[in-house]
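Colleague: I'd like to learn how to read the contacts and the empty spaces in a model like this one. Could you walk me through it?

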Amino acid sequence: MTNNEKLVHLFSEALTIAPELVVDSLQYNTIPQWDSTAHMVLIAQLEAEFEIMLDTDDIIDMSSVAKAREILARYDIEF
Amino acid sequence: MQRLVNKTVVIIGASQGIGLAMAELMLSEGAKVIAVARSKDKLEQLAQRLEKLDIYPLDITQTDNIKPFFVWLQKQGGLDVLINNAGIMEPKGFGFIKSDNLQQSFATNLFALFPLSQFAARLMSKKGGSIINVSSVLAQKATLGQAVYSASKAGVEALTKNLALELAGQKVRVNAIAPGSIDTSLLDNLTEQTLAQTLADIPMQRLGLPQEVAQLALFLASNESQYITGQVIAIDGGWSL
């Protein structure tokens, strides 16, 4: 599985949405499933999968799928 | 039967008193115990005595050092139980409290629990876990000279309940222990008169033992308490009655 596939899978699992809905433009708090609780589940899953610990500022900034990819790249996760 | 086999327990403030008793008990119950404290020397002495103990020197008031600890912990395989036991008690009359006293006490007793719990909750969220905050009966009981300590511990109890609510969906339980007068070095700061008065006020007429508090922490750490969250449990010989 590529890192991009992992990202889509983790978003889909944490937000309990279909993988097809995990697109770059998907934003935090624009669907009921991506609320603050699901956000923390997502963060925990990303950290576990990619073996990183995110800074609090990055957790707050992770406001879309595109932004998530951008932030993870700063932790040497290649897409 | 050992109750904490295959569990990783982190005890913040483990070098003496209640934290040390918890470390000893949880090791005997099969846990992998990581003792965290400010003093590297004290931890190393402890590790010599307790063979299987892992140690990590950390000043929790230096919040920049907290993330590297959890990165290290993640590489160790994760976390099941976090015990926030570090605490400072410096009795002072209300008119003698300086800004430094406030900053230092709140940084250790309350503020550090925020990043510690944030990182811990994320490490625990895959399989659940237990966060145990050590509060005090003084969070709910006014005593002379304890305004700072009491206010900081009241904050710990409020944080415990709010975190319990937020983390319940991730199967992370959050509870607090509120010890009364326990026979530890924390009581060294009390005057003889205050200590005598305290003893007189305790219905069971004795100080508690660190090992007794450790037994309560063991219960909250184990699966025996798996439906308990958001609670503050006093262990005080009836002092708060």
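Modeller: Happy to. Let's begin with polar contacts: such a contact is a pair of N or O atoms within 3.5 Å, where one must be able to donate a hydrogen and the other to accept it. Keep in mind that this is a predicted model.

Colleague: Okay, how many residue pairs are in polar contact across the interface of chain B and chain A?

Modeller: The rule finds 6 such pairs there, both residues in each being at pLDDT 80 or more. On the chain B side, α3 (66-76) and α5 each supply at least two of the residues that touch chain A. Sorted by class, that side of chain B has 4 nonpolar, 4 polar and 3 charged residues.

Colleague: And how much area do the two chains bury between them?

Modeller: About 990 Å², with 54% of it on carbon and sulfur atoms. Three residues, K67(B), Q74(B) and R122(B), supply 58% of the area that chain B buries against chain A, more than any other three. Counted by contact, 11 residues of chain B meet 15 residues of chain A.

Colleague: What about charges? How many salt bridges cross that interface?

Modeller: For a salt bridge, look for a side-chain nitrogen of Lys or Arg within 4 Å of a carboxyl oxygen of Asp or Glu. The interface of chain B and chain A has 2 of them. R122(B) pairs with E47(A) in a salt bridge, with the closest N and O atoms 2.3 Å apart.

Colleague: And how many does a search of the whole structure find?

Modeller: Over all chains, 13 salt bridges turn up. One of them joins the side chains of K6(A) and E49(A), at 3.7 Å from N to O. K6(A) sits in helix α1 (residues 3-15) of chain A and E49(A) in helix α2 of chain A, so this pair ties together parts 43 residues apart in sequence.

Colleague: Now the empty spaces. How do I find those?

Modeller: Roll a probe the size of a water molecule over the atoms, and you see where empty space is left. Here the second largest pocket has a volume of about 520 Å³. It has 19 lining residues, and the closest to its centre are M40(A), Q118(B), L163(B), E166(B) and L167(B). Two or more lining residues come from each of α2 (36-50) and α3 (56-61) of chain A, and α5 (113-124) and α6 (147-167) of chain B. By class, that lining has 9 nonpolar, 8 polar and 2 charged residues.

Colleague: How many cavities of 30 Å³ or more are there?

Modeller: The count is 1. The largest cavity holds about 30 Å³ of space, and its lining residues include E90(B), K92(B) and Y149(B).

Note on methods
Residues are numbered from 1 along each chain as its sequence is written. Chains are lettered from A and ligands numbered from 1 in the order in which they are written. This is a predicted model: local features need pLDDT of at least 70, side-chain atom pairs count only at pLDDT 80 or more; totals for chains, interfaces and linings use all residues. Side-chain values use heavy atoms; hydrogens and water are left out. On a 1 Å grid over the protein atoms alone, a cavity is a set of points where a 1.4 Å probe fits but cannot get out, and a pocket is an open set with protein on both sides within 12 Å along at least five of seven lines; lining residues have an atom within 4 Å of a point. Grid points are joined across faces, edges and corners, and a volume is the space filled by probe spheres set on the points. Helices (H or I, at least four residues) and strands (E, at least two) are DSSP runs, numbered from the N terminus. Ala, Val, Leu, Ile, Met, Phe, Trp, Tyr, Cys and Pro count as nonpolar, Asp, Glu, Lys and Arg as charged, and the others, Gly among them, as polar. Contact means heavy atoms within 4.5 Å. Buried area is the accessible area (1.4 Å probe) that two parts lose on being put together, summed over both. A polar contact is a pair of N or O atoms within 3.5 Å; within protein, one must be able to donate a hydrogen and the other to accept it, and residues adjacent in sequence count only if both atoms are side-chain atoms.
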